[in-house]
Amino acid sequence: MDFSKLKGQIYLDKKFLNCDKAKIHVLNHSLHFASSVFEGIRVYDKKILFLEDHLKRLINSSKIMKLNLNYSLKRLSDLNHLIIKKNRIKDGYIRPLVFRSSHSMSPETENCYTQLAIAAWKWKVLFGNESGIKINLSRYPKLNSKIYPIEAKSSGSYQTSVISKIESQKKNYDDCLMLDLNGNIAETTACNIFWIKDNIVYTSKKHSILDGITRQAILEFCKIKKIKVRIGDYKLKHILKSECVFVTGTAAEIQFVKRIEKNKFKKNSIFNELKSCYQIIKDNPPEKISDIKKLF
Ligand code: PMP
């Protein structure tokens with residue numbers, strides 16, 4: 001899909017514009033210096049899943065990147081509802097983007113102002129592969145919060161993801177696993193990772209990952225279903241010896257991983273149970289993670 005040919009409307013700088021009019025200059029600061037932040041939000045049957053959590057993360061990402069996002073949570077929420085209404089999105093995806101104007105062509109930002117765009121489109125599930133995806137190992141590590149603003153969902157943090165994804169697909173894999181600087185399991189290019197061993201669900205600590213909203217939902221499901229969870233620093237051999245591996249994200253939802261390099265995995269009953277929990281929230285999307293328990 002060529003997104004520059006998207007039809008409908010995009011919100012940009014306080015106006016809803018026809019998509020072909022929602023343009024920025026090539027000498028835009030964020031394009032050159034990766035100074036933008038964004039969100040990916042799903043719409044199921046006209047309801048927006050975890051809108052509040054996504055918008056709070058957007059506000060926090062903006063603060064971390066020192067972008068002056070002058071919109072309240074309420075206004076952002078209204079605009080997200082408006083964009084799906086104007087584009088008649090029943091099931092789809094919303095992409096709010098906060099970025100800097102074109103008033104500097106160096107890391108200096110004093111004269112730049114902050115811009116907000118919100119687009120929405122109908123979009124299928126990333127991977128959407130019932131039989132499972134194959135992932136390899138990325139040659140790039142994921143950095144941590146001591147050397148990088150990992151808590152921000154910022155365009156800059158996707159540099160190594162983009163390169164790694166290209167390299168994986170060239171080798172006929174769907175995606176790749178990235179380790180942290182100490183060789184512990186971190187995440188994939190755009191998803192968090194979980195694995196199941198002896199009825200315990202494992203996932204990585206937060207220091208070298210984007211703390212996914214879907215990840216938080218999975219941890220909440222485990223609490224509700226009384227499934228044991230361990231969150232920690234685990235080496236590759238731990239995941240390779242597990243029974244079942246899956247990745248999570250707004251775009252991918254819950255995606256089974258059938259292979260990491262040559263190591264094979266199988267779906268098991270805990271995976272199926274978590275997938276059913278996800279279906280429950282898709283059928284009745286809560287505004288925020290803390291509302292999940294009301295559905296069970
Ligand atoms: N990690 C990375 C690097 C991502 O890009 C994403 C997608 N936003 C995730 C994890 C999953 O986050 P979420 O569940 O909030 O979509």
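This report walks through the ligand site, a pocket, the cavities and two buried residues of a predicted model.

## Around the ligand

Let's start with the ligand. The shell around it holds 16 residues, and the ones that come nearest are Tyr-158, Glu-187, Ile-213, Thr-214 and Thr-250. By class, that shell splits into 5 nonpolar, 7 polar and 4 charged residues, so it's worth looking at the polar side chains one by one.

Two of them point a polar atom at a ligand oxygen: for Tyr-158 the distance is 2.3 Å, and for Thr-250 it is 2.6 Å. Lys-153 handles a nitrogen atom of the ligand instead, with a polar side-chain atom 2.8 Å away. On its own the ligand would expose 380 Å², and the protein buries 95% of that. As for which elements supply two or more residues to the shell, they are helix 5 (213–224) and strand 14 (244–249).

## The second largest pocket

Next up is the second largest pocket, with a volume of about 230 Å³. Its lining is made up of Asp-53, Lys-56, Arg-57, Asn-60, Glu-151, Lys-206, Ile-209, Asp-211, Ile-213 and Gln-216. Two elements give two or more residues to that lining, namely helix 2 (51–64) and helix 5. Helix 2 is the top contributor, with 4 residues.

Look at the chemistry of this lining and you'll find 6 charged residues, next to 2 nonpolar and 2 polar ones. Ile-213 is worth a second glance: it lines this pocket, and it is also among the residues that come nearest to the ligand.

## Two cavities

The model has 2 cavities of 30 Å³ or more. The largest has a volume of about 40 Å³. Around it sit Arg-42, Leu-49, Phe-50, His-54, Ile-213, Thr-214, Thr-250 and Tyr-278. Sorted by class, these are 4 nonpolar, 3 polar and 1 charged. You may recognise some of these names: Ile-213, Thr-214 and Thr-250 line the largest cavity, and they also appear in the list of residues nearest the ligand.

The second largest cavity encloses about 30 Å³ of space. Lining it are Asp-180, Asn-184, Ile-185, Ala-186, Ser-204, Lys-205, His-207, Ser-208, Ile-209 and Asp-233. Here the split is 3 nonpolar, 4 polar and 3 charged residues. Ile-209 is one of the residues lining this cavity, and it turns up in the lining of the second largest pocket too.

## Two buried residues

Thr-189 sits in the loop between strand 10 (185–188) and strand 11 (192–197). Its relative accessible area is 6%, and because anything under 20% counts as buried, Thr-189 is buried. Its side chain makes a polar contact with the side chain of Asp-175, at 2.8 Å.

Asn-80 belongs to helix 3 (residues 73–86). With a relative accessible area of 0%, Asn-80 is under the 20% cut-off and therefore buried as well. How far is the C-alpha atom of Asn-80 from that of Asn-192? The two are separated by 25 Å, with their positions 112 residues apart along the chain.

Definitions and conventions: Residues are numbered from 1 along each chain as its sequence is written. This is a predicted model: local features need pLDDT of at least 70, side-chain atom pairs count only at pLDDT 80 or more; totals for chains, interfaces and linings use all residues. Side-chain values use heavy atoms; hydrogens and water are left out. A residue is near a molecule or strand if one of its heavy atoms lies within 4 Å of it. A polar contact is a pair of N or O atoms within 3.5 Å; within protein, one must be able to donate a hydrogen and the other to accept it, and residues adjacent in sequence count only if both atoms are side-chain atoms. Accessible areas come from the Shrake-Rupley method with a 1.4 Å probe; for residues, only the protein chains shown count as cover. On a 1 Å grid over the protein atoms alone, a cavity is a set of points where a 1.4 Å probe fits but cannot get out, and a pocket is an open set with protein on both sides within 12 Å along at least five of seven lines; lining residues have an atom within 4 Å of a point. Grid points are joined across faces, edges and corners, and a volume is the space filled by probe spheres set on the points. Buried means under 20% relative accessible area, exposed over 50%, partly exposed in between (1.4 Å probe, protein chains only).
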